[in-house]
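User: Could you take a close look at one part of this model for me? I'd like to understand the metal site and how the chain around it is laid out.

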Amino acid sequence: MSAPNNGGYKALCPACGNRMRIRNSEAQTPTFKTMYAQCTNIACSATYTGSLTWDYALSPSGLDQPRVVLPIAPSLLRMKALQDSLPKTDQLDLLNALEA
Ligand SMILES: [Zn+2]
């Protein structure tokens, strides 16, 4: 979560698929955050609220006393996460765009 939005996670508008700007977020707990976002498509401009949760650890914290300890993800989930975290090629992005 420390990475800048640039090149990081892109929240897309449910209504039109354009990028949304996260306007505000409130951490309820270390693993649950309420988010407020607005669509950057001027014609749409929808606003939404939703939540971000951390469910599992893919690899545990290296700290002696982490604030929270989440269960380690099942191996199938870890494999999928590894695939999803790999940089996507332009070709895959195009395929995703066509599916949307
Ligand atoms: Zn929109």
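Here is a walk through the metal site first, then the strands and loops around it.

Analyst: Keep in mind that this is a predicted model. The mean pLDDT of the chain is 83, with 78% of residues at 70 or more. Residues 1-5 are a stretch to read with care: pLDDT stays under 50 there, and the model gives them four contacts beyond four places in sequence.

Now the site itself. Which residues hold the zinc ion? The protein donors are Cys-13, Cys-16, Cys-39 and Cys-44, each through its SG atom, at 2.3 to 2.4 Å from the metal. Written as a pattern, their spacing along the sequence is C-x2-C-x22-C-x4-C. The angles among the four donor atoms run from 97 to 115°, and the site is tetrahedral. For reference, the ideal angle for four tetrahedral donors is 109.5 degrees.

Are Cys-39 and Cys-44 buried or exposed? Cys-39 has a relative accessible area of 5%, so this residue is buried, the cut-off being under 20%. Cys-44 comes out at 26%, which puts this donor in the partly exposed class, because that value lies between 20% and 50%. Across the chain, buried residues make up 10% of the 100 residues.

Next to Cys-44 in the numbering comes Ser-45, which sits in the loop between strand 2 and strand 3. Its backbone deserves a look: phi of Ser-45 is near 55°, a positive value in a residue that isn't glycine. In general, most residues other than glycine have a negative phi. Ser-45 is also partly exposed, at 31% relative accessible area.

What about the strands? Overall, the chain has two helices and three strands, and the elements follow one another as β-β-β-α-α from the N terminus. The three strands make an open sheet in the order 1-2-3, with antiparallel pairing. Strand 1 (20-29) and strand 3 are the edges: each has a single partner strand, so one side of each has no neighbour in the sheet. On average, neighbouring strands here are turned by 20° against each other, direction ignored.

Strand 2 covers residues 32-39 and pairs with strand 1 through eight bridges, the two running antiparallel. A hairpin of two residues links strand 1 to strand 2. One of the cross-strand partnerships is Ser-25 with Met-35, the latter in strand 2. As background, strands of a sheet pair through backbone hydrogen bonds.

Past the sheet, Val-69 lies in the loop between strand 3 (47-53) and helix 1 (75-85). This residue is exposed, because its relative accessible area of 70% is over the 50% cut-off. The C-alpha atoms of Val-69 and Thr-31 are 9.9 Å apart, although the two residues are separated by 38 places along the chain. For the chain as a whole, 17% of the contacts between residues at least 6 apart in sequence join residues at least 24 apart.

To pull the metal site together: four cysteine SG atoms surround the zinc ion with tetrahedral geometry, and of these donor residues Cys-39 is buried while Cys-44 is partly exposed.

Methods:
Residues are numbered from 1 along each chain as its sequence is written. This is a predicted model: local features need pLDDT of at least 70, side-chain atom pairs count only at pLDDT 80 or more; totals for chains, interfaces and linings use all residues. Side-chain values use heavy atoms; hydrogens and water are left out. Helices (H or I, at least four residues) and strands (E, at least two) are DSSP runs, numbered from the N terminus. Buried means under 20% relative accessible area, exposed over 50%, partly exposed in between (1.4 Å probe, protein chains only). Two strands pair if DSSP finds at least two bridges between them. Axes are lines fitted to C-alpha atoms, for helices over the stretch in contact, and angles run from 0 to 180 degrees between N-to-C directions. pLDDT is the predictor's confidence in each residue, from 0 to 100. Contact means heavy atoms within 4.5 Å. Donors are N, O and S atoms within 2.8 Å of the metal (3.2 Å for Na, K and Ca); water is not among the atoms, so sites may look incomplete. Four donors count as tetrahedral if all angles lie between 85 and 135 degrees; four count as square planar and six as octahedral if opposite donors are over 155 degrees apart and all others between 65 and 115; anything else is irregular.
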